[in-house]
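Here's an informal walk through a protein model, written for someone who thinks at the bench. We'll start inside and work out to the pockets.

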Amino acid sequence: AVDPDLMLFGRAWCVAELAEAKTLGMAQTLKFRSGRTLLTHEARLRTLRIEDMSASRLEDVQQILAKIPDTAVFNEALQDLIFNKNSGLLAAWLHLDAAQQMG
């Protein structure tokens, strides 16, 4: 389940793990407290950049960034992971029934 403020998407480790799971072909779905959560935070999600994310320790952010050869390409892939109309996390969420969508 995703927290109501979608802070998960501001955490470098969480986003790096989502991206790695996508690379490995792992199935992923989101669960939200309510559909309004998406409407409230969509603009922020559309501007996510790995360089702006945080972690408990500065060294963790530096370690994650060091593993990303091109942050612009990573950020584009992150947007695709979330918003792709056919295979993105939000598209998968929309295909769930109401009980499955809410966490």
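## Inside the core

F9 touches V2, V15, L18, L30, L45, L48, M53 and I82, leaving aside residues up to four places away in sequence. Keep in mind that this is a predicted model.

F9 also turns up in the largest nonpolar core, which has 28 residues. F9, L30, F32 and I50 are the ones with the most contacts inside this core. Helices α1, α2, α3, α4 and α5 each supply at least two residues of the core. As background, nonpolar side chains in soluble globular proteins tend to be buried together.

## The two sides of α2

Now for α2, which covers residues 36-45. Which residues of α2 are buried? They are T37, L38, H41 and L45. These four sit on the same side of α2 because they cover an arc of only 100° around the axis. The general rule behind such patterns is that an α-helix has 3.6 residues a turn, so residues three or four places apart point the same way.

Flip to the other side of α2 and you find R36, L39, T40 and A43, which are exposed. As for the buried residues of α2, what covers them includes α4 and α5. L45 is one of those buried residues, and L45 is also among the residues that F9 touches.

## The pockets

Rolling a probe the size of a water molecule over the atoms shows where empty space is left. Here are the two pockets by volume and lining class.

| Pocket | Volume | Nonpolar lining | Polar lining | Charged lining |
|---|---|---|---|---|
| Largest | About 330 Å³ | nine residues | two residues | five residues |
| Second largest | About 240 Å³ | nine residues | two residues | three residues |

The largest pocket has about 330 Å³ of space. It is lined by 16 residues, and A16, A19, E20, T23 and F74 are the closest to its centre. Elements giving two or more residues to this lining are α1 (12-23), α3 (58-66) and α4 (71-83). Which element gives the largest share of the lining of the largest pocket? That is α1, with seven residues.

The second largest pocket holds about 240 Å³ of space. Of its 14 lining residues, E42, R46, F83, L90 and L94 are the closest to the centre. Here α2, α4 and α5 (89-94) each supply at least two residues of the lining. Recall that α4 and α5 are also among what covers the buried residues of α2.

How values were computed. Residues numbered from 1 in each chain as written. Predicted model: local features only at pLDDT ≥ 70, side-chain atom pairs only at ≥ 80, totals over all residues. Heavy atoms only, no water. 1 Å grid on protein atoms, 1.4 Å probe; cavity = no way out; pocket = protein on both sides within 12 Å on 5 of 7 lines; lining within 4 Å. Points joined across faces, edges and corners; volume = space filled by probe spheres on them. Nonpolar A, V, L, I, M, F, W, Y, C, P; charged D, E, K, R; others polar. Buried < 20%, exposed > 50% of the residue type's maximum accessible area, 1.4 Å probe, protein only. Arc of directions from axis to C-beta. Contact = heavy atoms within 4.5 Å. Core = buried A, V, L, I, M, F, W, Y, C linked by side-chain atoms within 4.5 Å.
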